[in-house]
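User: Please take a close look at a single buried spot in this structure and work outward from there. I would like one connected account rather than a list.

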Amino acid sequence: MNAPLRRVGVVVMVLFGLLFANLNWIQFYKADEYRNSDYNGRVQVAEYKRKRGNIEAGGTAFATSKETSGKLTYLRTYPGGAKYAHVLGYKPVNLADTGIERVENDFLAGTSDALFANRVKDMFTGDESGGGNVLLTVSKRAQDTAYDQLRNNQNGVKKGAAIAIDPRTGAVQALVSMPSFDPNPLASHDTNAATAAYNELEQRADGPLKNRALSEVLPPGSTFKIVVAAAALENGVGKETQIPAGASWTPPTSGTPIRNAAPSICPESQVTLMNAVTESCNTGFAQLGVKLGADTVKEKARQFGFEQDDLTVGQLGEDGLTVAPSRTGAMEAPGGATDPAALAQSSIGQRDVKMTPLQGAMIAGAVANEGRQMRPYLVKQLLGPDRTTSYYNADPRELRQPVDQRVAADLRDMMVSVVRNGTGRQAQFSGYTVGGKTGTAQSGPDTPDHGWFIGFALDKDGKAVSAVCVVLEEAGSGGSSEAARIGGQIMRAAIADSGSR
């Protein structure tokens, strides 16, 4: 063989080698990507040939599959419409799926490793087993109440959120974000119509696709005083200890005075910690926070769950709905120096302090549950297609203990006083001891304040049965009182539902 032919032969061998390597790359490394691509029409037909499992709450299916005569055999439907949208999410044909539909997709679709035996059986029987069923912790009555009360709140607020949990387990009893949306058009087999529906929602200024209960952070206002009170109780201050207060206080380094919401609130030079919480005394907590120091306040917030970047809500310890981290901010001046003015504002839940509604409910839940904060979860059980085999049952887990039983008891007493004697009276309902803390947070220089409420309910034996957080964005005057009223209604519904099962 002469040199030119030898060179051609080498080139051909190299090309065949590259072709072989590329083929193996596609088969072994890219196969899953191509097989699961939204652009693979055969995959879509195969996926929709199997009936997707239900997502249920309280024995009712709120995500179901309906048989059609089209190329895609089953259409995903949501009988609960907008009421459950931010919990369930949606399963579209060509768009990205969200919510529980996303985090439990493999089990619902029947492709989970847990359901492998069903698929093997189908190979011999010729049947097409459906996907598994996901049972949620959500109380239908509490979810209905939260949705209806938020939509029809007395302040006419259009944006907000509510979330309730069982403090003893972490089970989510209700989760509503307002405004909501109807997920049914997004699951349409007419992909052009589904895309148009998504684009319309995405472009709306009020952000209906946002899950405000989990993914949005806002200044919590006076609800943050519970964190500061916890730090004080651990550093030599008791419920009846007198702390500096007054009608106005100007922090060192600042020419801007901090005042109370009304002249009647703690005008005395000193008040007890109990009264400071009950009346929501800004001047008292601003001075208390500065005395405790930024490190102490930030550390106590961290122990309650602030700064946690990896929290999700779905199955316990598994992937779930993403939760935005709540933050305290630096509480320092530019350059890192201690800034009493920044710390004072932060200690009353302003400046850079930001919190999710879930975090608010978890703070209240920990106080109610003797200082133990449970990991929040939404998925109670996974049932096979035949509904007789259970593949998962939630086993509640403690997440952390931000305060001991003694401090938790003192905080409970103060929060109960808020509802009985202070700003949270609207949260009361008969038969249960209700505690809470309202919050009014500045939203901007020219916009109304946000209204907050965090709270809990104890049964006649002192056991925690529900904890809640409600936020009404830009609610203005009376917003926190209305949030307290809604919070009480949600907890009462959750308790009634649990007692009726």
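Analyst:
**The surroundings of A161**

Because its relative accessibility is 0%, A161 counts as buried, a label used for residues under 20% relative accessible area, with exposed meaning over 50% and partly exposed the range in between, for a 1.4 Å probe and protein chains only. The model is a predicted one, in which local features need pLDDT of at least 70 and side-chain atom pairs count only at pLDDT 80 or more, while totals for chains, interfaces and linings use all residues. Residues are numbered from 1 along each chain as its sequence is written, and side-chain values use heavy atoms, with hydrogens and water left out.

A161 lies in strand β5 (residues 160–165); strands here are DSSP runs of E with at least two residues, helices are runs of H or I with at least four, and both are numbered from the N terminus. Leaving aside residues up to four places away in sequence, A161 touches L150, V176, S177, R212, A213, P357, C469, V470 and V471, where contact means heavy atoms within 4.5 Å. One of these neighbours, C469, is itself buried, because its relative accessibility is also 0%. Another, L150, is 11 residues away along the chain, and its C-alpha atom is separated from that of A161 by 7.5 Å. L150 is among the buried residues of helix α8, together with A142, Q143, T145, A146 and Y147. Helix α8 (residues 140–151) has 12 residues and spans 16 Å from its first C-alpha to its last, close to the expected 16 Å, the expected span being 1.5 Å times one less than the number of residues.

The sheet that contains β5 is open and has five strands in the order β6-β5-β19-β18-β17, with antiparallel pairing; two strands pair if DSSP finds at least two bridges between them. At its edges stand β6 (172–178) and β17 (433–441), each of which pairs on one side only, and from one strand to the next the twist averages 10°, the axes being lines fitted to C-alpha atoms (for helices over the stretch in contact) and the angles running from 0 to 180 degrees between N-to-C directions. In general, strands of a sheet pair through backbone hydrogen bonds, either parallel or antiparallel.

Further along this sheet, β18 (residues 450–458) and β19 (residues 464–472) pair in the antiparallel sense over eight bridges. V470, one of the residues touched by A161, is the bridge partner of F453, while L472 in β19 is the bridge partner of G451. These two strands form a hairpin with five residues between them, and G462 in the turn has a positive phi of about 80°. On the other side, β17 and β18 pair in the antiparallel sense over nine bridges, and G439 stands opposite W452 in β18.

Strand β18 is mostly covered, with nine of its nine residues buried. H450, W452, I454, F456 and L458 point one way from β18, whereas G451, F453, G455 and A457 point the other way. This fits a general rule: in a regular strand the side chains alternate between the two faces of the sheet. Helix α16 (residues 405–421) lies across β17 and β18 and runs at about 75° to β17.

A second open sheet gives a useful comparison. Its six strands follow the order β3-β2-β1-β4-β14-β15, and their pairing is mixed. Its edges are β3 (74–77) and β15 (390–393), and because each has a single partner strand, one side of each is left without a neighbour in the sheet. Neighbouring strands of this sheet are turned by 20° against each other on average, direction ignored. Within it, β1 (residues 55–57) and β4 (residues 133–136) pair in the parallel sense over three bridges, with A57 opposite L136 in β4.

For the wider setting, the chain has 17 helices and 19 strands, and of its 501 residues 53% count as buried. Among contacts between residues at least 6 apart in sequence, 69% join residues at least 24 apart. A search of the whole structure finds one disulfide, defined as a pair of cysteine sulfur atoms within 2.5 Å; C266 and C281 form it, with their sulfur atoms 2.1 Å apart, and both residues are buried.
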